[in-house]
Amino acid sequence: QVQLVESGGDSVQAGGSLRLSCTASIPIYSGFCMAWFRQTPGKEREAVASINTYSTTYADSVKGRFTISRDNTKNTLYLQMSGLKPDDTAMYYCAAIFRFGRPCPWSVNDYNYWGQGTQVTVSS
């Protein structure tokens with residue numbers, strides 16, 4: 001069983017930056033698709049970015065501002081967020097699914113491992 005733990009959420013001013021981290025409990029990482037999702041009250045959880053061995057994918061709303069990366073030696077996923085906007089305010093979740101040699105999915109229902117979330121609040 002894979003356990004995921006997020007950290008790095010905070011309250012910041014618009015235009016600021018944050019780096020979120022998600023650490024997996026076991027030393028097997030390169031075989032996983034990893035992704036960041038976010039959710040606000042009353043809205044469905046939405047994909048923000050995903051990464052596998054070969055590529056990254058971003059939601060249009062964050063493209064050019066967020067960067068997803070991974071450090072396999074530390075079993076850690078990162079989301080570097082810059083130019084934060086109030087609309088970025090949400091609970092951010094990391095997710096994973098073991099998927100070797102295939103593109104990462106984009107749907108919440110396709111991921112079977114989830115962290116508990118870390119809150120990001122961006123004020124005007």
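**Notebook: disulfides, aromatic pairs and one odd backbone angle**

I searched the whole structure for disulfides and found two. The model is a predicted one, and I read every value below as computed from it.

**Entry 1, C22 and C94.** I looked up the bond between C22 and C94 and noted an S to S distance of 2.0 Å. The torsion about this S-S bond is about 55 degrees, so I put the disulfide down as right-handed. I then checked where the two cysteines sit: C22 is in strand β3 (residues 18-24) and C94 is in strand β9, so the pair ties together parts 72 residues apart in sequence. I asked whether these cysteines are buried or exposed. Both C22 and C94 are buried.

**Entry 2, C33 and C104.** The other disulfide I noted is between C33 and C104, with the sulfur atoms 2.4 Å apart. A disulfide is counted when the sulfur atoms are within 2.5 Å, and the 2.4 Å of C33 and C104 was entered on that basis. For C33 and C104 the torsion about the S-S bond is about -100 degrees, so I recorded a left-handed disulfide. C33 belongs to strand β4, while C104 is in the loop between β9 and β10, so parts 71 residues apart in sequence are tied together by this pair. I found C33 and C104 both buried. Which pairing results when the bonded cysteines of the protein chain are numbered in sequence order? I wrote it down as 1-3, 2-4.

**Entry 3, aromatic pairs.** I ran a search of the whole structure for aromatic pairs, and it returned five. I describe two of them here. For F32 and F98, the ring centres are 5.3 Å apart and the planes stand at 85 degrees, so I entered the pair as edge-to-face. F32 is in strand β4 (residues 32-39) and F98 in strand β9 (residues 90-98), which puts the partners 66 residues apart and makes the pair a link between distant parts of the chain. I looked up the accessibility of each partner. F32 has a relative accessible area of 5% and is buried, whereas F98, at 48%, is partly exposed.

I went on to F37 and Y111, which are also an edge-to-face pair, with 5.5 Å from centre to centre and 75 degrees between the planes. F37 is in strand β4 and Y111 is in the loop between β9 and β10 (113-114), so the pair ties together parts 74 residues apart in sequence. F37 and Y111 are both buried. I also noted one aromatic cluster made up of F32, F98 and Y113.

**Entry 4, R45.** I asked which rings the charged end of R45 sits over. One of them is the ring of Y93, whose centre is 3.7 Å from the charged end. The charged end of R45 also sits over the ring of W114, here 4.9 Å from the ring centre.

**Entry 5, N75.** I checked the backbone at N75 and found a positive phi of about 55 degrees, although N75 is not a glycine. I located N75 in the loop between β7 (66-71) and β8 (76-81). Is N75 buried or exposed? I noted a relative accessibility of 14% for N75. Buried means under 20%, so N75 counts as buried at 14%.

Methods:
Residues numbered from 1 in each chain as written. Predicted model: local features only at pLDDT ≥ 70, side-chain atom pairs only at ≥ 80, totals over all residues. Heavy atoms only, no water. Phe/Tyr/Trp six-rings, centres within 6.5 Å; stacked < 30°, edge-to-face > 60°. Helix = DSSP H or I, 4+ residues; strand = E, 2+ residues; numbered from the N terminus. Buried < 20%, exposed > 50% of the residue type's maximum accessible area, 1.4 Å probe, protein only. Lys NZ or Arg CZ within 6 Å of the ring centre and 35° of its normal.
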